[in-house]
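Got your viewer open? Let's walk through this one stop at a time, selecting as we go.

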Amino acid sequence: RHHRISSPGKALPLKPFILAACVGVWGCRLGGFLVHRIFNSPTDSRFDKFMPKEGELPIKLAGLWMIQALWGWITMLPVSMCFISPPKNPRIGAAALAGLAVFSCGFLIEAMADEQKRAFKAIPSNKELWCDQGLWNYSRHPNYFGEIMVWWGMFAASTGTAPAWTMASPLFVTYLLTRVSGIPLIEKKYDQKYATNDAYQKYKRETSVLIPMPKLKTEGKEL
């Protein structure tokens, strides 16, 4: 059964369109950043094992993009369901405002982290180093922290309109970035690359893996 967003003659609720606009701004920012990165670094070693060899069909590559499409679909559930679920409360309430505030903070953190790392890597002498400037001085993965905040903010902002089960979106993003494709892959890469680098090992011990926080002196243990 399909539901109308609004009864005939009544104004459409603003919440779905505000959330869609937020996602649009987020997507334009991230898309522009990725396009700039591709032009400056056209290869990405993370995709090497998915590229077909001569004479092979691109099955692995197609599977990778299917997973990306599924990722996008799950991530967008709170916003999508706001458009197709009957609104329980068309007003922008406290929960929605709090969610939009979380989204905004996450968006700014992610954008700042990406720009700080881009500027750091643009210096030739830093090309083979890890970024420890700005937010990266307080978190080893501040861009992922911002991304996670973005989608928890979208879910919070959708409450009262989207069903509760759309919490699958931020849970999925959090799990994927912290346990599967984000942090684990980069940590493994850096552990191999800087295995004998004392400065990196010190940075790793003293710097939070995800949530930005002041450095703490540790006795050989990671935060």
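Start with α3. Its buried residues pack against four other helices: α1 (15-40), α2 (59-75), α5 (142-158) and α6 (168-180). To see which residues those are, select 77-84, the span of α3, and pick out L77, P78, V79, M81 and C82, which are buried. Keep in mind throughout that you are looking at a predicted model.

Now zoom out and color by secondary structure. What do you get? Eight helices and zero strands in the protein chain, so along the sequence the pattern simply reads α-α-α-α-α-α-α-α. Of the 223 residues, 36% count as buried. If you display contacts with a sequence separation of 6 or more, 70% of them join residues 24 or more positions apart. Switch on the surface and you have about 13,800 Å² exposed, with carbon and sulfur atoms supplying 66% of it.

Next, hide the surface and go inside. Nonpolar side chains tend to be buried together in soluble globular proteins. Here the largest nonpolar core has 39 residues. Select L19, W26, F103, W151 and M154, since these have the most contacts inside that core. Which elements give two or more residues to it? They are α1, α3, α4 (94-121), α5, α6, α7 (183-193) and α8 (198-206). The largest share, eight residues, comes from α5.

Stay in the core and center on W26. Leaving out residues up to four places away in sequence, show what W26 touches: F103, F107, E110, E147, V150 and W151. Two of these names, F103 and W151, are also on the list of residues with the most contacts inside the core.

Now move to α6 and α7. How do their axes meet? They come within 4 Å and cross at roughly 15°, and angles under 35 degrees count as roughly parallel, so α6 and α7 are roughly parallel to each other. For the contact itself, select L177, T178, R179 and V180 on α6, then I183, P184 and L185 on α7. Color these by residue type and you will find five nonpolar, one polar and one charged.

Last stop: the loop between α4 and α5, where you will find N126. Is N126 buried or exposed? Its relative accessibility is 12%, so N126 counts as buried, the cut-off for buried being under 20%. Set aside the neighbours within four places in sequence, and N126 is in contact with F120 and K121. Show those side chains along with N126 to finish the tour.

Methods: Residues are numbered from 1 along each chain as its sequence is written. This is a predicted model: local features need pLDDT of at least 70, side-chain atom pairs count only at pLDDT 80 or more; totals for chains, interfaces and linings use all residues. Side-chain values use heavy atoms; hydrogens and water are left out. Buried means under 20% relative accessible area, exposed over 50%, partly exposed in between (1.4 Å probe, protein chains only). Contact means heavy atoms within 4.5 Å. A nonpolar core is a set of buried Ala, Val, Leu, Ile, Met, Phe, Trp, Tyr and Cys residues joined through side-chain atoms within 4.5 Å. Axes are lines fitted to C-alpha atoms, for helices over the stretch in contact, and angles run from 0 to 180 degrees between N-to-C directions. Angles under 35 degrees count as roughly parallel, over 145 as roughly antiparallel, 65 to 115 as roughly perpendicular and the rest as oblique. Ala, Val, Leu, Ile, Met, Phe, Trp, Tyr, Cys and Pro count as nonpolar, Asp, Glu, Lys and Arg as charged, and the others, Gly among them, as polar. Accessible areas come from the Shrake-Rupley method with a 1.4 Å probe; for residues, only the protein chains shown count as cover.
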